[in-house]
Amino acid sequence: MPELPDVEVYRRRLAHAGLHRPIERVRVRDSTVLRGFSSQRVTRALRGHRLVDTSRRGKHLFAAMSDPATLVMHFGMTGVLQVHDRLHEPGPHERMALEFRDGGVLSIVDQRKLGFVTVVDDVTAYCHDHDLGPDALALGLGDLRALLRGYRGGVKSLLMEQSSIAGIGNIYSDEIVFQARIDPRRPAASLDDAAVRRLHRQMSRVLRLAADRGADPSRFPEGWLLRHRQHHAPCPRGNGQIQKIRLGGRGAYYCPACQR
DNA sequence: AGTACCACCTGACGGC
DNA sequence: TGCCGTCAGGTGGTAC
């Protein structure tokens, strides 16, 4: 699940229900999510403090603490952030949880364990060290134009390049180029100005709309590719058949009739 | 610089 | 029913 819209949904959930609640206990149920950080260090940074502010950059979620530290969360392929008002029994894939003094629980569930949690002092330095580009929703038309011009690979590949644009993954890159009617393999530098504008408009529109609908595909418009992401499915625009191809080792879906 | 492949993990699915 | 290969919305390292 977790591309930009999903992580934005988690951020809003955290901002709405997880702030200013004193943390009484930290449950680390699978320390591999800490990627080498010790449970002691993370527990020390969190216990007795509160989360006071949220932010997001691409697929990374940050929660500033009431001391100088910041909690960093990444959700990999299957991570989910849940906030419960009352004590909640951990499910089988819960990796870590914060128990609030008021009895509520913030729980991180991640079946495949490709996500991680860490604590940092300096978010800006963290983003720099991890080569994280600007958030996709903060990218202006001129920024996107410059990135496209300077990139020698395909459009979809650039959209997924986290060091250039943070937040877009396999699913939403397919959706964005579908809505912009651009072939995913088309060389980025070959887009004319009209195509660059379509791509920029659809990038913002798709990501914002998806987040506003809770990143729940069943609530997405019928005309979205997301709802027809199957080899040989009819194109929701009625022009052709969806094709599945292999791009960078991953499945990419597109409509050869609409996307050029 | 861009791409291809592997690794990290778990689970679901189709074919035999 | 069981076994096997493949695939799944992420990222990092390596080797062209």
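In this predicted model, an N or O atom in the side chain of Arg-250 lies 2.3 Å from a phosphate oxygen of DNA strand C. H6 and E9 are the elements that give two or more residues to the surface near this strand. A second phosphate contact to DNA strand C comes from Lys-59, where a polar side-chain atom is 2.9 Å from a phosphate oxygen. Gly-76 approaches the strand through its backbone instead, with an N or O atom 3.3 Å from a sugar or linking oxygen.

In total, 18 residues surround DNA strand C, and Met-1, Lys-59, Asn-170, Ile-171 and Arg-250 are the closest. By class, this surface has eight charged, six polar and four nonpolar residues. Sugar or phosphate supplies 56% of the atoms of DNA strand C within 4 Å of the protein, and bases supply the rest.

**DNA strand B**

The residues around DNA strand B include His-93, the run of Gln-111, Arg-112, Lys-113 and Leu-114, and Gly-248. Also around this strand are Gly-150, Tyr-151, Arg-152, Gly-153, Gly-154 and Ser-157. Of the atoms of DNA strand B that come within 4 Å of the protein, 71% belong to sugar and phosphate. The protein surface near DNA strand B has seven polar, three charged and two nonpolar residues.

Which part of DNA strand B does the side chain of Arg-112 approach? A polar side-chain atom of Arg-112 lies 3.1 Å from a base oxygen. Arg-152 and Ser-157, by contrast, are placed against phosphate oxygens: Arg-152 through a backbone N or O atom at 2.6 Å, and Ser-157 through a polar side-chain atom at 2.9 Å. The table sets out the contacts with both strands.

| Residue | Protein atom | DNA atom | Distance |
|---|---|---|---|
| Arg-112 | polar side-chain atom | base oxygen, DNA strand B | 3.1 Å |
| Arg-152 | backbone N or O atom | phosphate oxygen, DNA strand B | 2.6 Å |
| Ser-157 | polar side-chain atom | phosphate oxygen, DNA strand B | 2.9 Å |
| Lys-59 | polar side-chain atom | phosphate oxygen, DNA strand C | 2.9 Å |
| Gly-76 | backbone N or O atom | sugar or linking oxygen, DNA strand C | 3.3 Å |
| Arg-250 | side-chain N or O atom | phosphate oxygen, DNA strand C | 2.3 Å |

**Salt bridges within the protein**

The count of salt bridges comes to 18. One of them pairs Asp-174 with Arg-229, with the closest N and O atoms 2.6 Å apart. This pair links distant parts of the chain, 55 residues apart: Asp-174 belongs to helix H6 (residues 170-179), and Arg-229 to the loop between H7 and strand E9 (243-247). Is Asp-174 buried or exposed? Asp-174 counts as buried because its relative accessibility is 0%.

A second bridge joins Asp-102 to Arg-21 at 2.8 Å between the closest N and O atoms. Both partners lie in loops, 81 residues apart: Asp-102 between strand E6 (94-100) and strand E7 (105-110), and Arg-21 between helix H1 (4-17) and strand E1 (23-28). Arg-21 is buried, at a relative accessible area of 11%, whereas Asp-102 is partly exposed at 49%.

A third bridge brings together the side chains of Arg-145 and Asp-193, 3.0 Å from N to O. Here two helices are linked across 48 residues: Arg-145 is in H4 (residues 141-149) and Asp-193 in H7 (residues 193-212). Both partners of this bridge are partly exposed, Arg-145 at 22% relative accessibility and Asp-193 at 37%.

Salt bridges can also share partners. Through such sharing, Glu-8, Arg-11, Arg-12, Arg-56, Asp-135 and Asp-212 form one network.

**Internal cavities**

The whole structure contains two cavities of 30 Å³ or more. The largest holds about 40 Å³ of space. Its lining consists of Val-33, His-74, Phe-75, Gly-79, Arg-95, Ile-108, Asp-110, Gly-115, Phe-116 and Val-117. At least two of these lining residues come from E7, and at least two from strand E8 (116-120). By class, the lining of the largest cavity has five nonpolar, three polar and two charged residues.

The second largest cavity holds about 30 Å³. What kinds of residue make up the lining of the second largest cavity? Seven are nonpolar, with no polar and no charged residues; they are Leu-71, Met-96, Ala-97, Leu-98, Leu-106, Ile-108 and Val-117. E6 gives the largest share of this lining, three residues, and E7 also supplies at least two. Ile-108 and Val-117 appear in the linings of both cavities.

Note on methods. Residues are numbered from 1 along each chain as its sequence is written. Chains are lettered from A and ligands numbered from 1 in the order in which they are written. This is a predicted model: local features need pLDDT of at least 70, side-chain atom pairs count only at pLDDT 80 or more; totals for chains, interfaces and linings use all residues. Side-chain values use heavy atoms; hydrogens and water are left out. A salt bridge is a side-chain nitrogen of Lys or Arg within 4 Å of a carboxyl oxygen of Asp or Glu. Helices (H or I, at least four residues) and strands (E, at least two) are DSSP runs, numbered from the N terminus. Buried means under 20% relative accessible area, exposed over 50%, partly exposed in between (1.4 Å probe, protein chains only). On a 1 Å grid over the protein atoms alone, a cavity is a set of points where a 1.4 Å probe fits but cannot get out, and a pocket is an open set with protein on both sides within 12 Å along at least five of seven lines; lining residues have an atom within 4 Å of a point. Grid points are joined across faces, edges and corners, and a volume is the space filled by probe spheres set on the points. Ala, Val, Leu, Ile, Met, Phe, Trp, Tyr, Cys and Pro count as nonpolar, Asp, Glu, Lys and Arg as charged, and the others, Gly among them, as polar. A residue is near a molecule or strand if one of its heavy atoms lies within 4 Å of it. A polar contact is a pair of N or O atoms within 3.5 Å; within protein, one must be able to donate a hydrogen and the other to accept it, and residues adjacent in sequence count only if both atoms are side-chain atoms.
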